[in-house]
Amino acid sequence: MPHYTVPTLDDVADADARDTLAQIEQQLGTLPNLYAYEAHSPKTFLAGLGLSHAAEHANFSNREAQAVYLATSEVNSCTYCLAAHTALAQMNGFSEDETFGLRAGTTSDPKLRALTQLTRAFVETKGRPGEALLDAFFDAGYTQAHLVDLTGLIAVKTFSNYLHNATDIPVDFPEAKPLPAAVLA
């Protein structure tokens, strides 16, 4: 099995990637291992962050973006991203119980339920979620621009999910609890 190393800021040769990682570390109070690992390929790391930032802030609230990330990471079984986005969702006002509903697509908030159910279906069906879920998404007040942004968020989170699932980089956030059976019912 290959040895995967998580670089420190000093290990990152690319100045733009190093500066971006330093900003992330300053904002979060820590440098997430997965971001540091992504910096092995500075252009891909920066492009992914650029897409994530653009899609998060174009039409979605921070809470909606975290909902998409949680639902995507649940379907893709990414322990790293579930841990990170549970923490970030809680920083954005969600309780731990609410994060369970977002991950499962069973949240009591009808708008977020339409968003997370569509997200889950996108991932599960490789982009063919079905007309009923798309109708529910639009009926909840989302627009075609939201659909484009949603697809971008799913793509960038799937990238992170797959990278972690392949490398098993150490998780440096509090572990996300498994979904309770009641949430899945």
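Helix H3 is where I would like to start, because H3 gives the most to the lining of the largest pocket, with eight residues. Please keep in mind throughout that what we are looking at is a predicted model. The lining as a whole counts 33 residues, and those that lie nearest the centre of the pocket are Tyr35, Leu49, Ser52, Glu56 and Leu88. The space in this largest pocket comes to about 830 Å³. If you follow the chain on the screen, the helices that each supply at least two residues to the lining are H1 (15-28), H2 (33-38), H3 (42-58), H4 (62-75), H5 (79-91) and H9 (144-167). Sorted by class, the lining of the largest pocket has 17 nonpolar residues, 13 polar ones and three charged ones.

Let me turn to the second largest pocket, which holds about 180 Å³ of space. Its lining is made of Asn76, Phe122, Val123, Lys126, Gly127, Thr151, Ile154, Ala155, Thr158 and Tyr162. Two elements give two or more residues to this lining, namely helix H7 (110-124) and helix H9. Which of the elements provides the largest share of it? That is H9, from which five residues come. The classes here are five nonpolar, four polar and one charged.

Now to the aromatic side chains, where the structure holds six aromatic pairs. In one of them, the rings of Tyr4 and Tyr37 have centres 6.3 Å apart and planes at 75°, and because an angle over 60 degrees counts as edge-to-face, this pair is given that name. Tyr4 belongs to the segment before H1 while Tyr37 belongs to helix H2, so the pair ties together parts of the chain that are 33 residues apart in sequence. Are these two residues buried or exposed, or something in between? Tyr4 is partly exposed, at a relative accessible area of 29%, whereas Tyr37 is buried, at 14%.

A further edge-to-face pair is formed by Tyr35 and Phe45, with 6.1 Å from centre to centre and 65° between the planes. This pair links helix H2, where Tyr35 lies, with helix H3, where Phe45 lies, and the two residues are 10 apart in the sequence. Tyr35, which you will remember from the residues nearest the centre of the largest pocket, is partly exposed at 27% relative accessibility, while Phe45 is buried at 1%.

Aromatic residues also gather in a cluster, which consists of Phe60, Phe137, Phe138 and Tyr142. Over the ring of Tyr142 sits the charged end of Lys111, 4.7 Å from the ring centre. In a comparable way, Arg63 lies over the face of Phe94, at 3.8 Å from the centre of that ring.

I will finish with two single residues. Gln66 is found in helix H4, and with a relative accessibility of 8% it counts as buried, because the cut-off for that word is under 20%. Leaving aside residues up to four places away in sequence, Gln66 touches His85, Leu88, Ala89 and Asn92. Arg113, in helix H7, has a relative accessible area of 29% and is therefore partly exposed. With the same kind of neighbours left out, Arg113 touches Gly105, Thr106, Thr107 and Ser108, not counting residues up to four places away in sequence. Finally, Arg113 and Ala140 are 27 residues apart in sequence, and their C-alpha atoms are 9.2 Å apart in space.

Key:
Residues are numbered from 1 along each chain as its sequence is written. This is a predicted model: local features need pLDDT of at least 70, side-chain atom pairs count only at pLDDT 80 or more; totals for chains, interfaces and linings use all residues. Side-chain values use heavy atoms; hydrogens and water are left out. On a 1 Å grid over the protein atoms alone, a cavity is a set of points where a 1.4 Å probe fits but cannot get out, and a pocket is an open set with protein on both sides within 12 Å along at least five of seven lines; lining residues have an atom within 4 Å of a point. Grid points are joined across faces, edges and corners, and a volume is the space filled by probe spheres set on the points. Helices (H or I, at least four residues) and strands (E, at least two) are DSSP runs, numbered from the N terminus. Ala, Val, Leu, Ile, Met, Phe, Trp, Tyr, Cys and Pro count as nonpolar, Asp, Glu, Lys and Arg as charged, and the others, Gly among them, as polar. Buried means under 20% relative accessible area, exposed over 50%, partly exposed in between (1.4 Å probe, protein chains only). Contact means heavy atoms within 4.5 Å. Rings of Phe, Tyr and Trp (its six-membered ring) pair if their centres lie within 6.5 Å; planes under 30 degrees apart count as stacked, over 60 as edge-to-face and the rest as tilted. A charge sits over a ring if NZ of Lys or CZ of Arg is within 6 Å of the ring centre and within 35 degrees of the ring normal.
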